[in-house]
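Good morning, colleagues. Please take a moment with the sequence and the model on the screen before I begin.

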Amino acid sequence: LSLALCAGLGGCVSLFLEKAPAAVSATPAEPPVLAAFESDAAVTTRQDWSERRAPILRQRFQDLIYGVEPANYAAKVISRTPLDLPETRAFADVEQWHVQVSDAGADGAPPLAFNMLVFTPKGAKGPLPILIAQNFCGNRALFKRRPPEIAPSLTKLYQGCESGKMDWLIESILGKYISGPPVEQVLARGYALAEFYAGDVAADNKDAEPALLRLSGGRTPRTGTLMAWAWEYS
């Protein structure tokens, strides 16, 4: 009954999120963004913001929430492999990219890397606008069949992601496209699509710790998982 109710209301998550009031209020947000902040004087000009305040706030977000941005590394595309997937054969050309984002670890650990699926409209010639999206269940979970042609995740996935047996439950709670966007519709609009599982580099669990330490390069506070995922996007 609970699941049926959730589905009817558009997902269980919406039942538990706090709702922002729809009425517009004249009350200014707190704390005042441009007021004095710690030892920094109030912001009164555009230059004050760009040269003083913005760098301070970026640093505080790193110190207190996201951790340091990983050290700059020139990502290397190690391979690009065409895939013939029955699910997309009629409307898409698909390549699987293996992208390396670090050197091998000092302890002999392999380079950090991720696998990315790149979908383009069938026979289209570029350049094309491209949407980049991460998923949370691995690239195989974009399709019900879990195509073996697609490389498995480089880190351990939740069991429900591997088998697909829990897809019905996950989608009833979080929505039809929680595991991936409507690929055919995206390509029909003339876009290309790049999909990757961010957990390939930094797993979505406690196993991410070694990778996060490597990405931090000995700096503190160390890189956090959300920062690592955002860095993958870049």
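Asp40, Asp48, Arg52 and Arg53 are linked in a network of salt bridges. Please keep in mind that this is a predicted model, and that every distance I quote is computed from its coordinates.

Two of the bridges in this network involve arginine 52. With aspartate 40, the arginine 52 side chain forms a salt bridge at 2.8 Å, N to O. This pair links distant parts of the chain, since aspartate 40 lies in the loop between α2 (13–16) and α3, while arginine 52 belongs to helix α3, twelve residues apart. The other partner of arginine 52 is aspartate 48, with the closest N and O atoms 3.1 Å apart. Here the two residues are four apart in helix α3, so about one helical turn separates arginine 52 from aspartate 48.

Are the residues of these two bridges buried or exposed? Aspartate 40 has a relative accessibility of 10% and therefore counts as buried. Aspartate 48, at 16%, is likewise counted as buried. Arginine 52 is partly exposed, with a relative accessible area of 26%. The cut-off behind these assignments is 20%, under which a residue is called buried.

How many salt bridges are there by this rule? The count comes to 14. One of them is worth setting beside the network. The side chains of arginine 145 and glutamate 87 meet in a salt bridge of 2.5 Å, N to O. This pair, too, links distant parts of the chain: arginine 145 sits in the loop between β4 and α4 (159–163), glutamate 87 sits in the loop between β1 (76–83) and β2 (92–100), and the two positions lie 58 residues apart in numbering. Both partners are partly exposed, arginine 145 at 40% relative accessibility and glutamate 87 at 25%.

On charge as a whole, the protein has 23 positive and 25 negative charges, and their mean positions are 3 Å apart.

I turn now to the aromatic residues. The count comes to five aromatic pairs. A pair of rings is described by the distance of the centres and the angle of the planes. For phenylalanine 61 and tyrosine 66, the centres are 6.1 Å apart and the planes stand at 25 degrees, so the pair is stacked. Phenylalanine 61 is partly exposed at 42% relative accessible area, and tyrosine 66 is partly exposed at 33%.

Another pair has the edge-to-face arrangement: the rings of phenylalanine 136 and tryptophan 229 have centres 5.8 Å apart and planes at 70 degrees. The sequence separation is 93 residues, with phenylalanine 136 in the loop between β4 and α4 and tryptophan 229 in helix α8, so that distant parts of the chain are linked. Phenylalanine 136 is partly exposed, with a relative accessible area of 42%, whereas tryptophan 229 is buried at 8%. In addition, Phe114, Phe196 and Tyr233 form one aromatic cluster.

Tryptophan 229 brings us to helix α8, residues 225–233. Which residues of this helix are buried? They are Met227, Ala228, Trp229, Trp231 and Glu232. What do these buried residues pack against? Their partners are α3 (46–66), β3 (113–121), β4 (130–135), β5 (192–197) and α7 (209–216). Helix α3 thus appears in both parts of this account, as the location of arginine 52 and aspartate 48 and as a packing partner of α8.

Let me close with the protein as a whole. There are eight helices and five strands, and along the sequence they follow the pattern α-α-α-β-β-β-β-α-α-α-β-α-α. Of the 234 residues, 35% count as buried. Among contacts between residues at least 6 apart in sequence, 61% join residues at least 24 apart. The C-alpha atoms fill a box of roughly 60 × 55 × 40 Å along the principal axes. The accessible surface comes to about 14600 Å², and carbon and sulfur atoms account for 61% of this area.

Thank you for your attention.

Definitions and conventions. Residues are numbered from 1 along each chain as its sequence is written. This is a predicted model: local features need pLDDT of at least 70, side-chain atom pairs count only at pLDDT 80 or more; totals for chains, interfaces and linings use all residues. Side-chain values use heavy atoms; hydrogens and water are left out. Buried means under 20% relative accessible area, exposed over 50%, partly exposed in between (1.4 Å probe, protein chains only). Contact means heavy atoms within 4.5 Å. A salt bridge is a side-chain nitrogen of Lys or Arg within 4 Å of a carboxyl oxygen of Asp or Glu. Accessible areas come from the Shrake-Rupley method with a 1.4 Å probe; for residues, only the protein chains shown count as cover. Lys and Arg count as positive and Asp and Glu as negative; His and the chain ends are not counted. The place of a charge is taken as NZ of Lys, CZ of Arg, CG of Asp or CD of Glu. Rings of Phe, Tyr and Trp (its six-membered ring) pair if their centres lie within 6.5 Å; planes under 30 degrees apart count as stacked, over 60 as edge-to-face and the rest as tilted.
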